[in-house]
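User: I have a structure open and want to learn how to read it. Can you take me through it feature by feature?

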Amino acid sequence: MKLVRYGHPGQEKPGLIDTAGQLRDLSGLIGDIGPDQLGDAALEALRQHDASALPAVEGSPRLGCPLTGVRKFIAIGLNFADHAAESNLPIPAEPIVFMKATSCIQGPDDAVMLPRDSVKTDWEVELGVVIGTRARYVDEDEALNHVAGYCTINDVSEREFQIERGGTWDKGKGCDTFGPIGPWLVTRDEVADPQNLGMWLDVNGRRMQTGSTRTMIFSVAKIVSYVSQFMTLEPGDVITTGTPPGVGMGMKPPVYLKAGDQIALGIDGLGEQRQRVVAFQR
């Protein structure tokens, strides 16, 4: 299933995209798409309904983040060897774990706002993993059983805040609007191999990133297992798993986002995002 939430910010309704690409309303079946709807039993109950019998949603409403109630927004750094190289950093021996503020989460096509005094805001297309069932000290061969599904994420990053402002990556990763998620949450049964998904990102129509999850240093299963050794993963937690090469910081000279830029990105089978970059607003 491709699960979505649609409508004005703070007023989203649950929905799904049927096999014909039609948006269907789920609000007659569930109140929202949150932690309680992400377990295997709850997803299977939704799957039993005939999608074509659900009310069609006309037009092209705004899509929000495809799930609500995200408790933790966890990120993995330098998880592609070629991205580590362009960043002039060594390949990590273990996953680098940091956090993005849940307050940065937004819809896939909402505007990205430059933080006040930003000079180095950058882009990163990433595979997002949504936890469906509680995971604590799980083995790698069981880890994917705890995943509800996958989504496209733009891990927007302010590099000066991240690298040059006294340590801790979190400062450059959790600014408002820095976490576009969606358009869909694609349940894991529809993703045959999370380690074989093409990824891309354009800025102003120019291809900046082209990659594949095949070249991850640490697989999704390894990441879920690893993170579960340090914190309990709960339903609705989101893990964003690293980016391929082509970020602005790695270019010579570096290129960063400015107001008016247009970003487009996508991952095979997980949908596309489109964002306009806007100046800081209070």
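Analyst: We will go through a helix, its core, a pocket, some single residues and the backbone. One caution: this is a predicted model.

User: Let's start with helix H4. How many of its residues are buried?

Analyst: Buried means under 20% relative accessible area. Helix H4 spans residues 220-227, and 7 of its 8 residues are buried. These are Val220, Ala221, Ile223, Val224, Ser225, Tyr226 and Val227.

User: What covers the buried residues of H4?

Analyst: Strands do part of the job. The cover includes S4 (73-77), S5 (96-99), S9 (125-131), S10 (147-154) and S16 (238-240).

User: How do I read a nonpolar core, and which residues have the most contacts inside the largest one?

Analyst: Look for buried nonpolar residues joined through their side chains. The largest core here has 44 residues. Leu127, Tyr150, Leu201, Val224, Leu233, Ile239 and Leu270 have the most contacts inside it. Strands S1 (2-6), S4, S9, S10, S14 (198-203) and S17 (262-267), together with H4, each give two or more residues to this core. H4 gives the most, with 5 residues. Another core, of 27 residues, lies apart from it; Leu46, Phe73, Ala148 and Ile181 are among its members.

User: Take Ile239 from the largest core. Which residues does Ile239 touch?

Analyst: Leaving out residues up to four places away in sequence, Ile239 touches Ile74, Ile76, Leu127, Gly128, Val129, Ile131, Ile223, Val224 and Leu233.

User: Now empty space. Which residues line the largest pocket?

Analyst: The general idea comes first. Rolling a probe the size of a water molecule over the atoms shows where empty space is left. In this model, the largest pocket holds about 240 Å³ of space. Its lining consists of Met1, Lys2, Leu16, Ile17, Asp18, Thr19, Leu46, Arg47, His49, Ala51, Leu54 and Glu190. Strand S2 (13-17) and helix H1 (40-47) each supply at least two of the lining residues. By class, 6 are nonpolar, 2 polar and 4 charged.

User: On to single residues. Is Ser228 buried or exposed?

Analyst: Compare its relative accessible area with the cut-off of 20%. Ser228 has a value of 1%, so it is buried. Ser228 lies in the loop between H4 and S16. Its side chain makes a polar contact of 3.3 Å with the side chain of Gln229. Beyond four places in sequence, Ser228 touches Ala135, Arg136, Tyr137, Val138 and Leu233.

User: What about Glu124: why is it called buried?

Analyst: Glu124 is called buried because its relative accessible area is 4%, and the term means under 20%. Glu124 sits in the loop between strand S8 (121-122) and S9. The side chains of Glu124 and Lys173 form a polar contact of 3.3 Å. Lys173 is also one of the residues that Glu124 touches, not counting those up to four places away in sequence. Others include His83, Ile153, Asn154, Asp155 and Leu201.

User: And Asn196: why is it classed as partly exposed?

Analyst: Partly exposed covers values between the buried limit of 20% and the exposed limit of 50%. Asn196 has a relative accessible area of 42%, so it is partly exposed. Asn196 is in the loop between strand S13 (185-187) and S14. Not counting residues up to four places away in sequence, Asn196 touches Thr213 and Arg214. A polar contact of 2.9 Å links the side chains of Asn196 and Arg214.

User: Last, the backbone. Where are cis peptide bonds found?

Analyst: Read the omega angle. The bond from Gly182 to Pro183 is cis, with omega near 20 degrees. Pro183 lies in the loop between strand S12 (179-180) and S13. Lys252 and Pro253 are also joined by a cis peptide bond, with omega about -5 degrees. Pro253 is in the loop between S16 and S17.

User: Which residue other than glycine has a positive phi?

Analyst: Leu78 is one of them, with phi near 55 degrees. Leu78 lies in the loop between S4 and helix H2 (81-86). With a relative accessible area of 8%, Leu78 is buried. Tyr137 also has a positive phi, near 50 degrees. Tyr137 is in the loop between S9 and S10. Tyr137 is among the residues that Ser228 touches.

Definitions and conventions
Residues numbered from 1 in each chain as written. Predicted model: local features only at pLDDT ≥ 70, side-chain atom pairs only at ≥ 80, totals over all residues. Heavy atoms only, no water. Buried < 20%, exposed > 50% of the residue type's maximum accessible area, 1.4 Å probe, protein only. Helix = DSSP H or I, 4+ residues; strand = E, 2+ residues; numbered from the N terminus. Contact = heavy atoms within 4.5 Å. Polar contact = N/O pair within 3.5 Å; in protein donor to acceptor, adjacent residues only side chain to side chain. Core = buried A, V, L, I, M, F, W, Y, C linked by side-chain atoms within 4.5 Å. 1 Å grid on protein atoms, 1.4 Å probe; cavity = no way out; pocket = protein on both sides within 12 Å on 5 of 7 lines; lining within 4 Å. Points joined across faces, edges and corners; volume = space filled by probe spheres on them. Nonpolar A, V, L, I, M, F, W, Y, C, P; charged D, E, K, R; others polar.
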